[in-house]
Amino acid sequence: MKKVTLFNHPIRVNDDELICLTDMWKAASQPKSKRPAFYGRSTAQKEFIEALNSTVHICTLKKLRNGSTDETWGHKYVAYDYAAWIDPKFRIGVYKVLDKFFSGELVTKPQQELHD
C-alpha cells in the first residue's frame, strides 16, 4: 500500500494502483452529499465508468469493506473524474499531485512541495 499526500491528508493507493476515493472525499472536506457512494449515479458517469472498464479491462470502481466502514476505490481516471465532480478547485490540486505521483516525479520531490 502506498500513500500520497493531498491537501495535508494521506490518500491510499493500493498495489493495483486503485486510489481510495473515500480518502479523497475526506481531504476535500466536502458534505456527505459528495461522498463516493453518490458518485457514478448519473448517466454520464455510469457511461464513463463502463467505457473505462472496457478500455482498461479491469474493474475501475470498487466498494470495499474496511472493518466496520465501506470504502470506495477507483482507477486513476475515475479518481480524476471524481475530483472534478466533487469540486473544481479540488480537481486542480488532484490533477497536479496524482500526475506527479503516477509519473514517479513525486518520489524525488521534498514533502513540502506537495502542499504548495
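# Notebook: hairpin, helices and overall fold

I started at the front end: the bridge partner of Leu6 in S2 is His9. Note to self: this is a predicted model.

**Entry 1, the hairpin.** I looked up which strands Leu6 and His9 tie together. Strand S1 covers residues 2-6 and strand S2 covers residues 9-13, and I find the two paired in the antiparallel sense over 5 bridges. They make a hairpin with 2 residues between the strands. I checked the turn as well, and Phe7 there has a positive phi of about 50°.

**Entry 2, helix H2.** Next I went to H2, residues 43-56. I get 14 residues and a reach of 20 Å from the first C-alpha to the last, close to the 20 Å expected at 1.5 Å a residue. Which residues of H2 are buried? I have Gln45, Ile49 and Leu52 on that list. Viewed down the H2 axis, these buried residues sit within an arc of 65°, so they line one face of the helix. On the face turned away from the buried side I noted the exposed residues Thr43, Ala44, Glu47, Glu50 and Thr55.

What covers the buried residues of H2? My list includes strand S4 (61-66) and helix H3 (76-86). One more thing at the end of this helix: His57 follows H2, and its phi is positive, near 60°.

**Entry 3, helix H3.** Since H3 turned up as cover for H2, I looked at H3 itself. Its buried residues are Val78, Ala79, Tyr80, Tyr82, Ala83, Ala84 and Ile86. I then asked what covers them, and the answer includes strand S3 (19-20), helix H1 (21-28), H2, S4, strand S5 (69-74) and helix H4 (88-103). So H2 and H3 appear in each other's cover, by the definition that contact means heavy atoms within 4.5 Å.

**Entry 4, the whole chain.** Stepping back, I count 4 helices and 5 strands. Reading from the N terminus, I wrote the order down as β-β-β-α-α-β-β-α-α.

For overall dimensions, I have the C-alpha atoms filling a box of roughly 40 × 30 × 30 Å along the principal axes. I also compared the radius of gyration with the globule rule: a compact globule of 116 residues would come out near 13 Å, and the chain has 14 Å, which agrees.

Burial over the chain: 38% of the 116 residues count as buried. The accessible surface comes to about 6,900 Å², and 52% of that belongs to carbon and sulfur atoms. Last lookup of the day was contacts: of those with a separation of 6 or more, 52% are between residues 24 or more positions apart.

Conventions
Residues numbered from 1 in each chain as written. Predicted model: local features only at pLDDT ≥ 70, side-chain atom pairs only at ≥ 80, totals over all residues. Heavy atoms only, no water. Pairing = 2+ DSSP bridges. Expected span 1.5 Å × (residues − 1). Buried < 20%, exposed > 50% of the residue type's maximum accessible area, 1.4 Å probe, protein only. Arc of directions from axis to C-beta. Rg over C-alpha atoms; globule rule 2.2 N^0.38 Å. Areas by Shrake-Rupley, 256 points an atom, 1.4 Å probe, with all protein chains shown as cover.
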